[in-house]
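Here are my comments on the model you sent, set out as numbered points. Please read them with the sequence and the structure open beside you.

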Amino acid sequence: MIVIIVSGVFGLLVGSFLNVVIWRVPRGESVVRPRSRCPSCEAPIRERDNVPVVSWLLLRGRCRDCRASISVRYPLVEVATGILFAGLAWKVGAHWALPAFLYLGAVGLALAAIDLDTHRLPNALTLPAYPVAAVLLTAAALLDHRPHVLLRAAAGAGVLFALYAVLWLLYPGGMGLGDVKLAGVLGLYLGYLGWGVLAVGAFLGFGYGAVVGIALMAVRRAGRKSRIPFGPFMLAGAMTAVFVGARIAHAYVGLSRN
């Protein structure tokens, strides 16, 4: 329980930083300097106004200096990160793999939000995820005395990357190259957990995308040629697989044998 609570609080803090990442990375700005400022009057955010969620509520969603409205997405990202971190701590437990999956949750939330905003998955986030994930997962596997899972993780990354690369080559308009790069990262994590988890995560990504696409066309918010960012669906499918992928895979195998 302590690990879950600590991870949730840590997630709130990380969520505050993710708001900076989501705003600055697509604009090619540093996420370190300058310090956070109001986008309307450019007044620096005071330390007391930088407390996740609480500051936004106390300020009633407005800048202390110019009273400009502050988007509700800021506290929502913080809350979502806290909940996701707590959920991952509950699922993974106090094991060496937890930092790796917390990193996936953080970078995944940032990439999903950026893709929704800009229809891009920046290299500044996807490419560093390869070495970071590789180091964290390798450390977890060795410390847990399970080095054999590393080969499966590497194979999973290659399989999912190749699948998306082929789809991109066959129909470049259907997805971006950023989706292909992200697929390798997700394959690394899902392969680490098992082939069944990898299959469930890949399937759910396409499944979520199809359901939302059909729903948008049904309410006439999109057409057959509309470009819908696919990264959030890939990440949602992968995260669902992290939580329940093994259970779904086992249930499917059990049904297929009956």
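**Comments on the model**

1. H119 lies in the loop between α4 and α5, the latter covering residues 123-143. The model is a predicted one, and in it H119 has a positive phi of about 60° although this residue is not a glycine. With a relative accessible area of 43%, H119 is partly exposed, because that value falls between the limits of 20% and 50%.

2. A second backbone point of this kind concerns R67, which has its place in the loop between α2 and α3. Phi of R67 is near 65°, again a positive value in a residue other than glycine, and at 42% relative accessibility R67 counts as partly exposed. Most residues other than glycine have a negative phi, and most peptide bonds are trans.

3. The peptide bond from R33 to P34 also deserves a look, since this bond is cis in the model, with omega near -5°. P34 is placed in the loop between α1 and α2, where α2 spans residues 54-58.

4. Turning to helix packing, two packed helices are described by the angle between their axes and the distance between the axes. Helix α1 (residues 2-24) packs with helix α3 (residues 73-92) at an angle of about 140°, and the two axes are 7 Å apart. That angle makes α1 oblique to α3, because only an angle over 145 degrees would count as roughly antiparallel. The crossing in which α1 passes α3 is right-handed, and by class the contact of α1 with α3 has 15 nonpolar, eight polar and two charged residues.

5. Two residues from this pair of helices can be followed individually. T81 has its place in helix α3 and counts as buried, at 0% relative accessibility; leaving out residues up to four places away in sequence, T81 touches G11, V14, G15, L18 and L109. S16, for its part, is placed in helix α1 and is buried as well, with a relative accessible area of 17%, which is under the 20% limit. Not counting residues up to four places away in sequence, the residues that S16 touches are N50, P52 and E78.

6. How do the axes of helix α4 and helix α7 cross? Helix α4 (residues 98-118) and helix α7 (residues 177-193) have axes that come within 12 Å and cross at roughly 155°. The two helices are therefore roughly antiparallel to each other, as the angle is over 145 degrees. In this pair α4 passes α7 in a left-handed crossing. On the α4 side the contact is made by A100, F101, Y103, L104, L111 and D115, and on the α7 side by D179, L182, L186, Y189, Y192 and L193. Sorted by class, the contact of α4 with α7 has ten nonpolar residues, no polar residues and two charged residues.

7. A183 is also placed in helix α7, and with a relative accessible area of 0% A183 is buried. If residues up to four places away in sequence are not counted, A183 touches L160, F161, Y164 and M234. A183 and A94, which are 89 residues apart in sequence, are 27 Å apart in space, taken from C-alpha to C-alpha.

8. S55 is found in helix α2 and is buried, with a relative accessible area of 4%. Leaving aside neighbours within four places in sequence, S55 is in contact with R48, D49 and N50; N50 is also among the residues that S16 touches. The C-alpha atoms of S55 and P75 are separated by 9.0 Å, with the two residues 20 places apart along the chain.

9. Last, the cysteines: how many disulfides does the structure hold? The structure holds zero disulfides. C63 counts as buried at 5% relative accessibility, whereas C66, at 31% relative accessibility, counts as partly exposed.

How values were computed. Residues are numbered from 1 along each chain as its sequence is written. This is a predicted model: local features need pLDDT of at least 70, side-chain atom pairs count only at pLDDT 80 or more; totals for chains, interfaces and linings use all residues. Side-chain values use heavy atoms; hydrogens and water are left out. Axes are lines fitted to C-alpha atoms, for helices over the stretch in contact, and angles run from 0 to 180 degrees between N-to-C directions. Helices (H or I, at least four residues) and strands (E, at least two) are DSSP runs, numbered from the N terminus. Angles under 35 degrees count as roughly parallel, over 145 as roughly antiparallel, 65 to 115 as roughly perpendicular and the rest as oblique. A crossing is left-handed if the near helix is turned anticlockwise from the far one by less than a right angle, and right-handed if clockwise. Ala, Val, Leu, Ile, Met, Phe, Trp, Tyr, Cys and Pro count as nonpolar, Asp, Glu, Lys and Arg as charged, and the others, Gly among them, as polar. A disulfide is a pair of cysteine sulfur atoms within 2.5 Å. Buried means under 20% relative accessible area, exposed over 50%, partly exposed in between (1.4 Å probe, protein chains only). Contact means heavy atoms within 4.5 Å.
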